[in-house]
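Here is a walk through a two-chain model, written for someone who would rather look at strands and helices than at tables of coordinates. Have the structure open as you read.

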Amino acid sequence: MSVLPSVQVEGLAKRFGQIVAVDRVSLAIDANEFFALLGPSGCGKTTLLRMLAGLELPSAGRILIDGEDMAGVVPNRRPVNMVFQSYAVFPHMTVADNVAYGLRVSGVPRAEIAPKVEAALAMVRLEGFDERRPEQLSGGQRQRVALARALIKRPKVLLLDEPLSALDKKLREEMQLELVRLQQEVGITFVIVTHDQDEALSMANRIAVMDHGRILQIAPPDELYEQPNCRMVADFIGTTNLFPARVLARADGGIRLEARGIGELHLPEDGQPGIEVGIAVRPEKVRISCDRPADGLIAVPGRIAQLAYFGDYSHVFVDAGADVRITCYRTNDRRRQATALAVGDACWVSWDPADCILLTE
Amino acid sequence: MAKRRERAGPLEYSRKLWLRLWLVATLLFLYAPIAILILFSFNNSRRNIVWQGFTLDYYRKAAGDPSLLEAFTNTLTIGLISTVISTVIGALLALALWRFRFPGKPALEGALALPIVIPEICMGVALLAFFVRTGWPTQLPWPLNLGPIVIGHIAFSFPFVAIVVRARMAGFDRALEEASKDLGAGEWQTFRNITLPYMRPGLIAGGLLAMTLSLDDFVITFFTSGPETLTFPIKVYSMVRFGATPEVNAASTVLIAVTILFTVIAMRLQRPAAGT
């Protein structure tokens, strides 16, 4: 049984004069998926979202929503609704009028609107706020109004443009859970734009990483983190220790490499001898010890350059030769453990060769 | 025990004596003449220099003066028509300048300020020349005979409306319009439901400005009115030439009252939509 993708984008491009905002993007988003467009600011993710909403016209390419071509379909006729970054709650209307707006302009009879507004407000946990005015609401509450206002239209796809960027940290974490709960509850495809990787990783089923108008990788969060396909993704998602390296030869069902700061090593991967590659290893996979680690691990001697204490874990920065700084996360799972390390101490950092990510691009 | 007064802080200007005196002097200078004008409209004296006693005679006289009444009616008619038309034109212009980018936009914005900075006398002469040159008919029945004056008033007041409305729109979040369309509203619905309510305080302020400008305009009206048409400022001017009688005071007081009434109504209208 083939299920039609909720959103299908083919060769979509957008130019503003000389600037290419979105560069021939193709992707498919499944029904009921929580999909994130992640990238640094200016990477074209918002432009892509606005094209889905019909607020920008593509320079090239096609958009299909629920199998229907959206070319020439004006925003008010598209089966999508958007939650704007500024929320765009209508300031001269009450909360109830805001939520009812989409139904009212579509000519839904008044008697049918009231119960739906009630239900929508209950869904975002804003019962009893009907008669409030937007200026009496906090940022989080305004966001909920914007959500209710969009969801009441029962769109095929809900578009969210940086929905959490204006909230403080605690509220943001709360809303992340809330959004996931809502998405499961209403069973609508969510497409969220964000520059915050934690947001994308914790909420989305799949993430598209964008840069300079192009999609670099589309993958589920864990795959994106553990198996990035290029340096840019490895660097953008989480923190990475990246070592430039060169493939020396194929040997023993793998390759031998010469990496700056590590020396020679053997990885069970494949690569053309002579090519320049990158070896990435995540800081939490790196262990730190005073004694020389066991054989079979990649081990580098160094000196502790800096410590950053975060309570539940610490960041340890180790200098291993000129211009080689290795970041290592250490869980503080024992009281007074972190005190054992001090800046200037000689130490070893080590990790399993299997934790190395080989990056050819 | 007497409390010692605290010294005024560095920014507590309202507690400084010299500043208070200055404030009183300013208010006196601005409002005393108006207060005296109103007071002396009730003065029971033909020469109206010394207070003789209270009377409403001059209101009765002013109301019985057909040419004064005609001038008053004309002024109000011109004011209303030119306010409505210049508010519409000004708002449309402001919207166009706010929403679109087009070639010649800076030039248009510059030209917009022209009727504001141009000396009124020049504009009056120009309008007179225009109406003479085009052979604009002069012997028309009321209210068509007010046409040239109305056109003149619209010409100098709509830029004020445009500037006020433009300033209001500068604070408008365009995402509101996008949200409205996204939720299913068409262009017109979006304009009526979202843009217009936001614009309203600007429209009212601009309209009031246009109304005030029109009510008391003398120079341009003087040049554009035919020999038969009389407006209130021109009538007052001709009356004052034969001495400031209490009738002039009475008529002026009524005009002040009308203006205040309009302002109060406008502020009332503005209140429910005061949100930004």
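Start with Glu258(A), which sits opposite Glu264(A) of strand 13 of chain A. That pair belongs to the antiparallel match between strand 12 of chain A and strand 13 of chain A, which is held by five bridges. Keep in mind that this is a predicted model.

Zoom out a little and you'll see the open sheet these strands belong to: five strands of chain A in the order 13-12-11-14-20, with antiparallel pairing. At its edges are strand 13 (263–267) and strand 20 (357–359) of chain A, each paired on one side only. Going from one strand to the next, the twist averages 40 degrees.

Strand 11 (residues 241–251) of chain A is a good one to follow from end to end. Six bridges tie it, antiparallel, to strand 14 (residues 276–281) of chain A, and here Asn241(A) faces Val281(A) of strand 14 of chain A. Strand 11 of chain A also runs antiparallel to strand 12 (residues 254–259) of chain A, again through six bridges, with Ala251(A) across from Gly254(A) of strand 12 of chain A. Strands 11 and 12 of chain A form a hairpin with two residues between the strands, and Asp252(A) there takes a positive phi near 50 degrees. As a rule, side chains in a regular strand alternate between the two faces of the sheet.

Here are the strand pairs of chain A side by side.

| Strand pair (chain A) | Sense | Bridges |
|---|---|---|
| Strand 11 and strand 14 | antiparallel | six bridges |
| Strand 11 and strand 12 | antiparallel | six bridges |
| Strand 12 and strand 13 | antiparallel | five bridges |
| Strand 1 and strand 4 | antiparallel | five bridges |

The last row takes us to another open sheet in chain A, with four strands in the order 2-1-4-5 and antiparallel pairing. Strand 2 (19–29) and strand 5 (68–69) of chain A are at the edges with a single partner strand each, so one side of each has no neighbour in the sheet. Further in, strand 1 (residues 7–16) of chain A pairs with strand 4 (residues 60–65) of chain A, and Val7(A) stands opposite Ile65(A) of strand 4 of chain A.

Now for chain A as a whole. It has eight helices and 20 strands, and its C-alpha atoms fill a box of roughly 75 × 50 × 45 Å along the principal axes. Of its 361 residues, 39% are buried. Among the contacts in chain A with a separation of 6 or more, 64% join residues 24 or more positions apart.

Where does chain A touch chain B? The contact takes 20 residues from chain A and 18 residues from chain B. On the side of chain A, strand 6 (80–83) and helix 2 (95–105) are the elements that give two or more residues, and helix 2 of chain A has the largest share, with three residues. By class, that side of chain A has 10 nonpolar, six polar and four charged residues.

Finally, look at a helix pair inside chain B. Helix 4 (residues 105–117) of chain B packs on helix 6 (residues 147–169) of chain B at about 125 degrees, with the axes 8 Å apart; the two helices are therefore oblique to each other. Their crossing is left-handed. Helix 4 of chain B brings Leu112(B), Ala113(B), Pro115(B) and Ile116(B) to the contact, while helix 6 of chain B brings Ala155(B), Phe156(B), Pro159(B), Phe160(B) and Ala162(B). By class, that makes nine nonpolar, no polar and no charged residues.

Technical notes
Residues are numbered from 1 along each chain as its sequence is written. Chains are lettered from A and ligands numbered from 1 in the order in which they are written. This is a predicted model: local features need pLDDT of at least 70, side-chain atom pairs count only at pLDDT 80 or more; totals for chains, interfaces and linings use all residues. A residue is buried if 20 or more other C-beta atoms lie within 10 Å of its own, exposed if 12 or fewer, and partly exposed in between; C-beta atoms are placed from the backbone. Two residues are in contact if their C-beta atoms, placed from the backbone, lie within 7 Å. Axes are lines fitted to C-alpha atoms, for helices over the stretch in contact, and angles run from 0 to 180 degrees between N-to-C directions. Angles under 35 degrees count as roughly parallel, over 145 as roughly antiparallel, 65 to 115 as roughly perpendicular and the rest as oblique. A crossing is left-handed if the near helix is turned anticlockwise from the far one by less than a right angle, and right-handed if clockwise. Ala, Val, Leu, Ile, Met, Phe, Trp, Tyr, Cys and Pro count as nonpolar, Asp, Glu, Lys and Arg as charged, and the others, Gly among them, as polar. Two strands pair if DSSP finds at least two bridges between them.
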